[in-house]
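Here's a quick tour for anyone opening this structure for the first time. Take a look at the model, then read on.

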Amino acid sequence: MSEPVIERPPAPSLMSRVVGIITSPRETFEKIIPNPRVLGALALVAVTSAVLVGGFLMTDVGKEAWIDQAVASQEAWGVEITDEAYAGIQRMAPMAPYLSGVPYLFIIPISAVIASGLLFAIFNAMLGGTATFKQLLSVVAHSQFVMALALFVSMPINYMKGSMTGATSVAVLAPMLDEGSFLARLLGMIDVFIVWYVVVLSIGLSVLYRRKTKSIALVLFGIYAAIAIGVAWFQSSRSGA
C-alpha cells in the first residue's frame, strides 16, 4: 500500500503576506514557514526603503536634514566639526540620495542573512533546533515588513520637521531633556517600530522553533536594551553631557 501524499497549501501571495505580518503575524508565519519564500520579501523591503529614503533626500528639505544629521552624528561620537569639514559635508549633500538611499538595496538583504546566521547558530547549533536556514531567513525577511512600514510613517513626518531622525522614537515624548544627556539619547534609541519588529520576529521564531514567544522576546529585548544603553552612555560621555 502506498503512503498518502500530504499536500501543503500554496504559499500566500506577497501582498497578502505583507498585510498578514502587520495584522496577524502568528497566523501568517504558520502559512509561510512550510513554504518559505525569501527573495520577494527581501526585494520589496529593500526597494521600498531605498525609494522612500532616496526620494526624501532628493528634496531640498531632505538635503538640509541630511547635512544636519551628518553633523549631529559625528558630534555624538565626539568628533569636532570644523568649518572645512562642514563645507565638505555641504558639497556632498547632492549625493545624499545615493549615499544614504541606494545602500538600502544591499544593507537589507545582507543584514537579513547575517541576522539569520546568528539566530541559526543559537537556535539550531546551540539549542538543537531543526529548522532549515531558508525557513529562518524567511522569518527574518518577513519581519522586516514592519521596518518598511516605519519608513512610510516616518518619512512624511521627517519632511514636515525637516529632520532625518526621531519621528517614531520615544524621545519625542520628552522634548524638555537636554539632547546630549544620557536619558535623551537613550530615549532616542527606543523606537516604536523597532519594538514592534522585535515582537513580530519573536512571534516568527516561536512558530518556527515551537518555543514560547515571551522567552524569545525577553532575550531579544535584552540585547536591544544592552545596545541602546551602551550607545547612549558612550555618546553622552563623549558629548560631556
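What follows covers the confidence of the model, one helix packing and one aromatic pair.

First off, this is a predicted model. The mean pLDDT of the protein comes out at 88, with 93% of its residues at 70 or more. Among its elements, two helices mark the ends of the confidence scale, as the table shows.

| Helix | Residues | Mean pLDDT | Place among the elements |
|---|---|---|---|
| α8 | 133–143 | 97 | highest |
| α10 | 182–189 | 83 | lowest |

Now for a pair of helices that meet. Two packed helices are described by the angle between their axes and the distance between the axes. Helix α1 (residues 14–23) packs against helix α9 (residues 145–161) at about 85°, and their axes are 9 Å apart. That angle falls between 65 and 115 degrees, so α1 is roughly perpendicular to α9. On the α1 side, the contact uses Leu-14, Arg-17, Val-18, Ile-21 and Ile-22, while α9 brings in Phe-145, Val-146 and Leu-149. Sort these contact residues by type and you get seven nonpolar, one charged and no polar.

Next, the aromatic rings. How many aromatic pairs does a search of the whole structure find? It turns up three. In one of them, Phe-123 and Tyr-209 have ring centres 4.7 Å apart and planes at 15°, so the pair is stacked. This pair ties together distant parts of the chain: Phe-123 sits in helix α7 (residues 104–126) and Tyr-209 in helix α11 (residues 192–209), 86 residues apart. Are these two residues buried or exposed? Both Phe-123 and Tyr-209 are buried.

How values were computed: Residues numbered from 1 in each chain as written. Predicted model: local features only at pLDDT ≥ 70, side-chain atom pairs only at ≥ 80, totals over all residues. Heavy atoms only, no water. pLDDT = per-residue confidence, 0-100. Helix = DSSP H or I, 4+ residues; strand = E, 2+ residues; numbered from the N terminus. Axes fitted to C-alpha atoms, helices over the stretch in contact; angles between N-to-C directions. Parallel < 35°, antiparallel > 145°, perpendicular 65-115°, else oblique. Contact = heavy atoms within 4.5 Å. Nonpolar A, V, L, I, M, F, W, Y, C, P; charged D, E, K, R; others polar. Phe/Tyr/Trp six-rings, centres within 6.5 Å; stacked < 30°, edge-to-face > 60°. Buried < 20%, exposed > 50% of the residue type's maximum accessible area, 1.4 Å probe, protein only.
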